[in-house]
There are 2 protein chains.
Amino acid sequence: MHLQVCEWKDPEELRVLMDLELGDHGESHQQLLQRVRDIARYSVKTNHPRFFNQLFAGVDYHSLTGRFLTEALNTSQYTYEVAPVFVLMEDVVLRKLRSLVGWSEGDGIFCPGGSVSNMYAMNVARYWAFPQVKTQGLWTVPRLAVFTSQESHYSMKKSAAFLGIGTENVYHVKVDESGRMIPEDLEAKIVHAKSQGAVPFFVNATAGTTVQGAFDPLDRIADISERNGIWMHVDAAWGGSVVFSKKHKHLIAGMERANSCTWNPHKMLMAGLQCSVFLMRDTTNLLMHCHCANATYLFQQDKFYDMSLDTGDKSIQCGRKVDCLKLWLMWKAIGAQGLANRVDIAFASTRYFVEELKKREGFQVVSEPQFVNVCFWFIPPSLRGKENSPDYQEKLAKVAPVIKERMVKKGSMMVGYQPLDGRVNFFRMVILSPQLNHSDLDFFLDEVERLGNDL
Amino acid sequence: MHLQVCEWKDPEELRVLMDLELGDHGESHQQLLQRVRDIARYSVKTNHPRFFNQLFAGVDYHSLTGRFLTEALNTSQYTYEVAPVFVLMEDVVLRKLRSLVGWSEGDGIFCPGGSVSNMYAMNVARYWAFPQVKTQGLWTVPRLAVFTSQESHYSMKKSAAFLGIGTENVYHVKVDESGRMIPEDLEAKIVHAKSQGAVPFFVNATAGTTVQGAFDPLDRIADISERNGIWMHVDAAWGGSVVFSKKHKHLIAGMERANSCTWNPHKMLMAGLQCSVFLMRDTTNLLMHCHCANATYLFQQDKFYDMSLDTGDKSIQCGRKVDCLKLWLMWKAIGAQGLANRVDIAFASTRYFVEELKKREGFQVVSEPQFVNVCFWFIPPSLRGKENSPDYQEKLAKVAPVIKERMVKKGSMMVGYQPLDGRVNFFRMVILSPQLNHSDLDFFLDEVERLGNDL
């Protein structure tokens, strides 16, 4: 008998159980220990082998040690004087990650998540094209245009909104069946934007889309970006880790031609939330020029050591959490070889899962998986063979939410679902933890049947 | 004999000592344990009683327990389904903090640091004034103007740059000797901005400036903001915690009239990096409207529970670290009363320190402390009585950096210094940890003399 992935409680019930309200007086140690137990009990076990709900899962104990040490040392990653080890360590980790991408030089920074890393990319690209925006704002430049695929991450829209560019100035490029950007449409959209008087300045390609796990054709997108003089960014938050694998790194061929990329080791590498890097090929200190404010209380220019080590002014944050140690310690523990195995095992488990899924009646893949996302419908017995009936789609759309509710309330497993571009609700299975075995995946398929066969 | 605050190594030496490079193969447990020891050894002990270098210090073991638990549970704060306990807990903590500010209703969110919280404020204020910026960008609205004091935090400039508003559209309002905004100049600057065709939309008042610890006159700034229909934000990242203290909360009188505030419990309350909140008085769901992107893979609208609990779309992040637990657990452990004591003790220690400082020859305060920042010059014997010699300022400017270098290399303590607005380099002592005793403060003054008497 497995521990449950979650012990579901309705919000109203959980509020009462947890007694969350804060008062004037402290509590006994015994009460506090009970609270700690309750928090663990009612929280979702994201390291459970049957947690497939997000693009993170599992646990790496070396990383966890690094995270505990980070918390105990409680410092901020802005100057060498308060974070000597971590300033040097961040530099080494970023350099190593860049070298895997194929950049012998460059720059970068750890950010609080992939969305913020993507925002950095958009802002640096804007500064590169129009440095006066930093001082004078957007009023002094023409309307700017961003290009990204229809299935790219929603942080592109959030970035455009936050940076004052506007969501309507994000041009969504069409994708093929599997979710890959169609380069011809990128080219057409650039022409279209120009014809409307906008200035294309930023192309975002995705390496591993959120839902289908699609890899945009980076080389072709690089050709177009170069020809048009547009900054090319690759959102490889999810897919970047394939670079470790000799067998699968072809998926991101061409990434080395981009100007920047986002990559989240907290996803496939299991470094723990949050561990996201923004990497650049630039060697002109663009990141610093774009973001610096030269605060004299922090970045004094008469210090006794090499002040280029005070890297905090590259950030839009002031205090910045140390996110490099957990990845560094994990890497020291298992080596690049161990990380490569992790990626290869995830691909192999995915292949097993897809083969098993296809053997079963009622399971239908939405598209052929390119990565470790497996998007599929479960068609319950009552709907099989009725694909042409008028209410089929409507009925099918209701299947995933019901199965999801049942699995969560039972606590047996967790997986996400969503509609996408005219396709009704389907499950998105994500297979990444090396701690998974075949029986976990068999269980998953059996359980979907158990929970959905009466629908 | 105290443990050193830091064991200083030059970057070149530390690089060699730490063997930071990452390779293909893993290491033995013994090697990894030695690495963990080395990381701790060469990192700055920010919880050391003689660490006065930043606006954080000390350690709270209940908070640390919360932080370890956060890491072990490794989830993201976006939906109730993956973070049921933390979604409810964040709501309770935010509500409690708002009620202390004086807001019975409102909204808010935990952010990765005060700078990002301030960016949220500026973006929400912009959306409130001109919602079309979210979709159409800044081109469709007039030039916007931000107002903040000369001694406010540099994140105002970073925010204006990042949001596409531009640093030159930040109008810096004059301050008095102690660093408090002069309301008459705010009024004049607003008139001036309007005369230049700009639209004032955001006034930032500071409760606890970074260097001098000044509190802007919030009531008078609220009068001006209200009269002009401008969003008023209070950057109380540093000073917000005085709200716990009956004796000192008068410093932020008027904060309840603001539209929003930033407050970092990781500073004075010692909640651990990072713990920063953005709080709003708004009851119209402005935060959600401003930031939402309605990603269908995460924020499905056919879930079986109250989907208003999926608060992640209020954020500009996607994955968001759980920052509420450490504060919540610490609060449960010592109560609001314990937090109030912490604030009162810091003020009392500061008073002791200032009195002792004034008794000594060669110490001169830059301004009378209002908070727990004590800004002072150490005038070495060779410069005493020579205030009128032509190179006095130039020589005095070099004193603090030399003493700082000596203390860091010795490892006896750490304190920051900076020039400010025509005043040459002075020390900024920050007294916040309740673990400090008088002998630590006496030691500090003795040590400054020891390190600087030959200068």
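**Entry 1: B:D19**

I looked up B:D19 and placed it in the loop between helix 1 (11–18) and helix 2 (29–42) of chain B. The model is predicted, and I keep that in mind for every entry. I noted that phi of B:D19 is near 45°, a positive value in a residue other than glycine. Is B:D19 buried or exposed, or does it fall in between? I found B:D19 partly exposed, because its relative accessible area is 38%, and partly exposed covers what lies between under 20% and over 50%.

**Entry 2: A:N74**

I then turned to chain A, where A:N74 has a positive phi of about 40° although it is not a glycine. I located A:N74 in the loop between helix 3 (61–73) and helix 4 (84–101) of chain A. Its relative accessible area is 9%, so I recorded A:N74 as buried.

**Entry 3: the annotated lysine**

Which residue does the annotation "modified residue: N6-(pyridoxal phosphate)lysine" cover? I read in the unreviewed UniProt entry that it covers A:K267. I found A:K267 in the loop between strand 7 (260–263) and strand 8 (276–280) of chain A. I recorded A:K267 as buried because its relative accessible area is 15%. Leaving out residues up to four places away in sequence, I listed A:L55, A:A237, A:W238 and A:L432 as the residues that A:K267 touches.

**Entry 4: cis peptide bonds**

I checked the peptide bond from A:L273 to A:Q274 and found it cis, with omega near -5°. I placed A:Q274 in the loop between strand 7 and strand 8 of chain A. In chain B, I found that a cis peptide bond joins B:L273 and B:Q274, with omega about -5°. I located B:Q274 in the loop between strand 7 (260–263) and strand 8 (276–280) of chain B.

**Entry 5: B:T262**

I looked next at B:T262, which lies in strand 7 of chain B. Its relative accessibility is 0%, so B:T262 counts as buried. With which side chain does that of B:T262 make a polar contact of 2.8 Å? I identified the partner as B:N118. I also noted that B:T262 touches a set of residues more than four places away in sequence, among them B:G114, B:S117, B:H233, B:D235 and B:V277.

**Entry 6: strand 12 of chain B**

How many of the 8 residues of strand 12 (residues 423–430) of chain B are buried? I counted 8 of the 8, so the strand is largely enclosed by the rest of the structure.

I then recorded the pairing of this strand. Strand 10 (residues 373–378) of chain B is joined to strand 12 of chain B by 4 bridges, and the two run antiparallel. In this pairing, I found B:V430 of strand 12 to be the bridge partner of B:N373. Strand 11 (residues 414–420) of chain B is also joined to strand 12 of chain B by 4 bridges, again in an antiparallel arrangement. Here I noted B:R428 in strand 12 as the bridge partner of B:G416. Strands 11 and 12 of chain B form a hairpin with 2 residues between the strands, and B:D421 in that hairpin takes a positive phi near 50°.

**Entry 7: A:V424**

In chain A, I found A:V424 in strand 12 (residues 423–430). I recorded A:V424 as buried because its relative accessibility is 16%, and the cut-off for buried is under 20%. Not counting residues up to four places away in sequence, I noted that A:V424 touches A:W377, A:Q393, A:L396, A:A397, A:Q418 and A:P419. I also looked up the separation from A:G254: the two residues are 170 residues apart along the chain, and their C-alpha atoms are separated by 33 Å.

**Entry 8: where the chains meet**

How many residues does the contact take from chain A and from chain B? I read 138 residues from chain A and 138 residues from chain B. The two chains bury about 11900 Å² between them, with 62% of it on carbon and sulfur atoms. In chain A, I found that A:L22, A:W139 and A:F162 lose the most area to chain B, together 8% of what that side buries.

I then turned to polar features of the interface. I recorded 12 salt bridges across the interface of chain A and chain B. In a salt bridge of 3.9 Å, N to O, the side chains of A:K332 and B:E27 meet. I noted 78 residue pairs in polar contact between chain A and chain B. Helix 11 (residues 324–359) of chain A contributes the largest share of the side of chain A that touches chain B, with 11 residues.

Methods. Residues are numbered from 1 along each chain as its sequence is written. Chains are lettered from A and ligands numbered from 1 in the order in which they are written. This is a predicted model: local features need pLDDT of at least 70, side-chain atom pairs count only at pLDDT 80 or more; totals for chains, interfaces and linings use all residues. Side-chain values use heavy atoms; hydrogens and water are left out. UniProt positions are given in the numbering used here, feature names are shortened, and annotations may be inferred rather than shown by experiment. Buried means under 20% relative accessible area, exposed over 50%, partly exposed in between (1.4 Å probe, protein chains only). Contact means heavy atoms within 4.5 Å. Two strands pair if DSSP finds at least two bridges between them. Buried area is the accessible area (1.4 Å probe) that two parts lose on being put together, summed over both. A salt bridge is a side-chain nitrogen of Lys or Arg within 4 Å of a carboxyl oxygen of Asp or Glu. A polar contact is a pair of N or O atoms within 3.5 Å; within protein, one must be able to donate a hydrogen and the other to accept it, and residues adjacent in sequence count only if both atoms are side-chain atoms.
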